[in-house]
Amino acid sequence: MKIGILSDTHNMLRPEVCEALSGSDIILHAGDIAKPEILDELREIAPIKVVRGNNDRAWAEDLPMHLTFELNSHRFFMTHKKRDIPVDVDADIVIFGHSHRYEEYREGSTLFLNPGSCGPRRFTQPITLMLMELCDGQIEVRRVEIEHKLRNMKAPSDSSDLNLIIIGAVKDIQKGLSIREIAAKYNISEEFAEQICRMYLTHPGIDAQGIINKMELYARGL
């Protein structure tokens with residue numbers, strides 16, 4: 001059995017991620033999806049199991065905060081935040097996300113897995129997901145890293161223009177526009193549009209100035 005494992009897509013499903021998941025028998029998503037259309041796209045690849053993340057809003061009220069299930073006689077437990085894993089969790093494999101950092105380790109007989117984030121990139125962190133193979137009682141896990149094609153961070157130098165662009169971009173994110181569409185609309189790089197999207201989706205209630213500060217644009221001379 002081939003299993004695709006991902007988390008923290010934050011409203012962004014890259015073509016490279018879909019390609020990596022192709023051929024999966026089932027897909028496991030550890031939360032912070034951002035919109036139901038992401039799940040619809042994943043269902044076109046394979047059946048899915050998904051838990052709700054802290055950034056999944058009203059639309060996700062019916063999604064569970066944690067799941068227990070069995071695949072090929074292996075017991076799974078999945079939740080979004082590591083801190084929500086029970087101390088005495090009874091599972092062979094535990095899957096979580098939230099930190100955007102890839103992790104793979106064992107505690108006793110239990111394998112703990114965090115696929116990292118394959119959504120909008122968090123500064124220099126890698127874009128990752130996992131592929132798992134279950135065969136004859138054996139568990140094989142492979143880390144998949146999506147190449148980040150670095151582009152010039154094209155952004156306006158005037159702070160008032162920057163505020164207007166971020167305010168407009170946030171409204172367009174709410175409307176469901178893609179990163180490419182937002183970049184073209186405001187004549188900014190996709191890299192910059194991606195950072196706005198990530199900051200907005202991962203910091204509920206943040207304003208334009210907060211996004212600027214978080215991205216450290218001033219410190220980087222942009």
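The following exchange asks how several descriptions of this predicted model are reached.

Residues are numbered from 1 along each chain as its sequence is written, and side-chain values use heavy atoms, with hydrogens and water left out. Because the model is predicted, local features need pLDDT of at least 70 and side-chain atom pairs count only at pLDDT 80 or more, whereas totals for chains, interfaces and linings use all residues.

Me: What makes β4 and β7 edge strands of their sheet?
Reply: Strands are DSSP runs of E with at least two residues, helices are runs of H or I with at least four, and both are numbered from the N terminus; two strands pair if DSSP finds at least two bridges between them. In the open, mixed sheet β4-β5-β6-β8-β7, β4 (66-71) and β7 (102-107) each have a single partner strand, so one side of each is left without a neighbour in the sheet.

Me: How do you know that β4 and β5 pair, and in which sense?
Reply: β4 and β5 (residues 74-79) share six bridges in the antiparallel sense, which meets the requirement of at least two bridges. In one of these positions, glutamate 70 has arginine 75 in β5 as its bridge partner.

Me: Why are β3 and β10 called edge strands?
Reply: In the second open sheet, ordered β3-β2-β1-β9-β10 with mixed pairing, β3 (48-50) and β10 (138-146) each pair on one side only. The partner β9 (residues 127-135) joins β10 through nine antiparallel bridges, and isoleucine 127 stands opposite isoleucine 146 in β10.

Me: How do you know that α4 and α5 are in contact, and which residues meet?
Reply: Contact means heavy atoms within 4.5 Å, and by this criterion Ile179, Arg180, Ile182 and Ala183 in α4 meet Glu190, Ala193, Glu194 and Cys197 in α5. These residues divide into five nonpolar, no polar and three charged, where Ala, Val, Leu, Ile, Met, Phe, Trp, Tyr, Cys and Pro count as nonpolar, Asp, Glu, Lys and Arg as charged, and the others, Gly among them, as polar.

Me: What angle and what distance describe the packing of α4 and α5?
Reply: Helix α4 (residues 179-186) and helix α5 (residues 190-202) pack at about 115°, with their axes 8 Å apart; the axes are lines fitted to C-alpha atoms over the stretch in contact, and angles run from 0 to 180 degrees between N-to-C directions.

Me: What describes the placing of α2 against β3?
Reply: Helix α2 (residues 36-43) lies across β2 (26-29) and β3, and runs at about 150° to β3.
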